[in-house]
Amino acid sequence: MPVTGELRRSSADRVPPASSRGNIYERAPVSAGRINRLRPRKMVRWSAQLRGGVEPIDATVGIPRALLYHKYGDLWTAFFETLGVDTVVSPPTNRAILERGSRLAVDETCLPMKIFLGHVDSLMSQADYVLVPRVASLHRGETTCVKFLGAYDVARNSIPDARLIEYDVDVANGKRHATEIRRLGRGFERNPAKVGYAYMRARREANRLHSERALGNEQAALEPGLKVLVVGHPYNIYDEMIGAPVVSILREQGAAVLAAELADASRAKTLSARLSRDVPWTFNKELLGAVEHYREYVDGIVFLVTFPCGPDSLMTELCVRRLEGMPTLVLVLDELQGEAGLRTRLESFVDLLRLRRPKERTATTARVV
Ligand code: SF4
């Protein structure tokens with residue numbers, strides 16, 4: 001059933017600055033990404049400190065710019081900053097980080113996980129501890145990809161001298177994100193009121209930044225001109241080595257790019273039932289619903305999948321089969337992907353969208369591996 005009516009707008013009713021509108025790459029700078037070398041570091045065991053629940057720790061926390069950073073990065077940096085803890089965020093993914101991660105990971109590991117390991121390893125020389133949460137489930141009756149549950153253990157076993165800090169989120173077993181991150185905060189600050197304040201402040205800041213980006217996306221959907229929806233996880237879309245080339249080539253071709261991941265999550269989850277009720281993974285459910293949310297407003301859809309991802313393969317197959325009349329391009333990327341091949345495929349796709357623009361939509365699907 002097609003979506004009708006106006007696209008839902010974000011609760012933020014003010015128009016954000018031009019830098020944050022309609023451009024999914026112009027994210028706010030990481031405000032807390034710095035190392036304060038003047039502060040003395042107490043090189044103490046984090047776990048002993050936390051469990052003893054006494055002295056706050058004066059240390060630098062490293063945050064890998066990969067996987068859940070693209071969902072919780074604003075919250076993490078604001079949370080630690082408010083607690084007075086220095087943070088350092090790893091740089092955007094580059095060839096060296098990717099190669100580092102590929103060397104550490106087993107061959108079957110998905111590309112984002114390899115990149116993640118590269119980021120964790122790159123932080124070892126810059127931070128006292130690196131943050132690697134475990135996320136098993138974010139909502140009842142749903143799950144996340146097992147890679148989020150295993151990230152901590154994979155990092156610990158792949159990087160033997162890793163100094164990691166973690167918190168567990170498993171809503172199905174009563175471990176909520178808000179509670180668990182505050183528990184982590186108690187390792188740095190004894191006063192629970194201060195930790196609670198830091199969390200609330202960080203939550204508010206993260207929500208504000210997300211609302212601005214989401215509003216920009218919704219506004220871009222309503223503007224005239226050629227529009228392409230990119231469907232992929234934020235850690236794929238915003239990664240310098242995965243999604244950045246795709247988005248910049250589409251833009252060079254004159255297409256406005258919308259990110260499916262910016263659709264309102266609860267509305268997207270409701271809409272996902274139109275395409276499938278059986279997908280158990282929270283993030284894929286949201287992407288499915290986002291496709292349904294934006295399909296009436298875009299000329300074509302690019303699915304950004306990384307090799308070898310099971311949840312994304314299933315979701316993409318479901319969408320392509322059910323999106324009758326919508327031109328789709330499935331890009332399955334791995335670390336060997338060259339930009340020349342990518343460019344040719346995307347240029348052809350945009351040409352095709354342009355050709356059929358004034359005409360009725362007919363089913364067109366291209367698959368690229
Ligand atoms: S959903 Fe796919 S790409 Fe993401 S972590 Fe899981 S296997 Fe990797």
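In this predicted model, helix 3 meets helix 4 through Ile97, Leu98, Arg100, Gly101, Ser102 and Leu104. Their partners in helix 4 are Lys114, Ile115, Phe116, Leu117, Gly118, His119, Asp121 and Ser122. By class, this contact has 6 nonpolar, 5 polar and 3 charged residues.

Now the geometry. Helix 3 spans residues 95-104. Helix 3 and helix 4 pack at an angle of about 105°, and their axes lie 7 Å apart. Angles of 65 to 115 degrees count as roughly perpendicular, so helix 3 is roughly perpendicular to helix 4.

Helix 4 also takes part in the ligand site. The ligand is surrounded by Cys110, Pro112, Met113, Cys145, Lys147, His233, Thr306, Cys309, Pro311 and Asp312. Two elements, helix 4 (111-123) and helix 12 (310-322), give two or more residues to this shell. Domain 1 (20-206) and domain 2 (223-368) each supply at least three residues to the shell.

The table sets out the class make-up of the two residue groups.

| Group | Nonpolar | Polar | Charged |
|---|---|---|---|
| Shell around the ligand | 6 residues | 2 residues | 2 residues |
| Contact of helix 3 with helix 4 | 6 residues | 5 residues | 3 residues |

Next, the strands. An open sheet of 4 strands has the order 2-1-3-5, and its pairing is parallel. Strand 2 (86-89) and strand 5 (164-165) are the edge strands, and each pairs on one side only. Strand 1 covers residues 60-63 and runs parallel to strand 2, joined to it by 4 bridges. Glycine 62 has valine 88 in strand 2 as its bridge partner.

Notes: Residues are numbered from 1 along each chain as its sequence is written. This is a predicted model: local features need pLDDT of at least 70, side-chain atom pairs count only at pLDDT 80 or more; totals for chains, interfaces and linings use all residues. A residue is near a molecule or strand if its C-beta atom, placed from the backbone, lies within 6 Å of it. Ala, Val, Leu, Ile, Met, Phe, Trp, Tyr, Cys and Pro count as nonpolar, Asp, Glu, Lys and Arg as charged, and the others, Gly among them, as polar. Domain bounds come from an automatic or database domain assignment. Two strands pair if DSSP finds at least two bridges between them. Axes are lines fitted to C-alpha atoms, for helices over the stretch in contact, and angles run from 0 to 180 degrees between N-to-C directions. Angles under 35 degrees count as roughly parallel, over 145 as roughly antiparallel, 65 to 115 as roughly perpendicular and the rest as oblique. Two residues are in contact if their C-beta atoms, placed from the backbone, lie within 7 Å.
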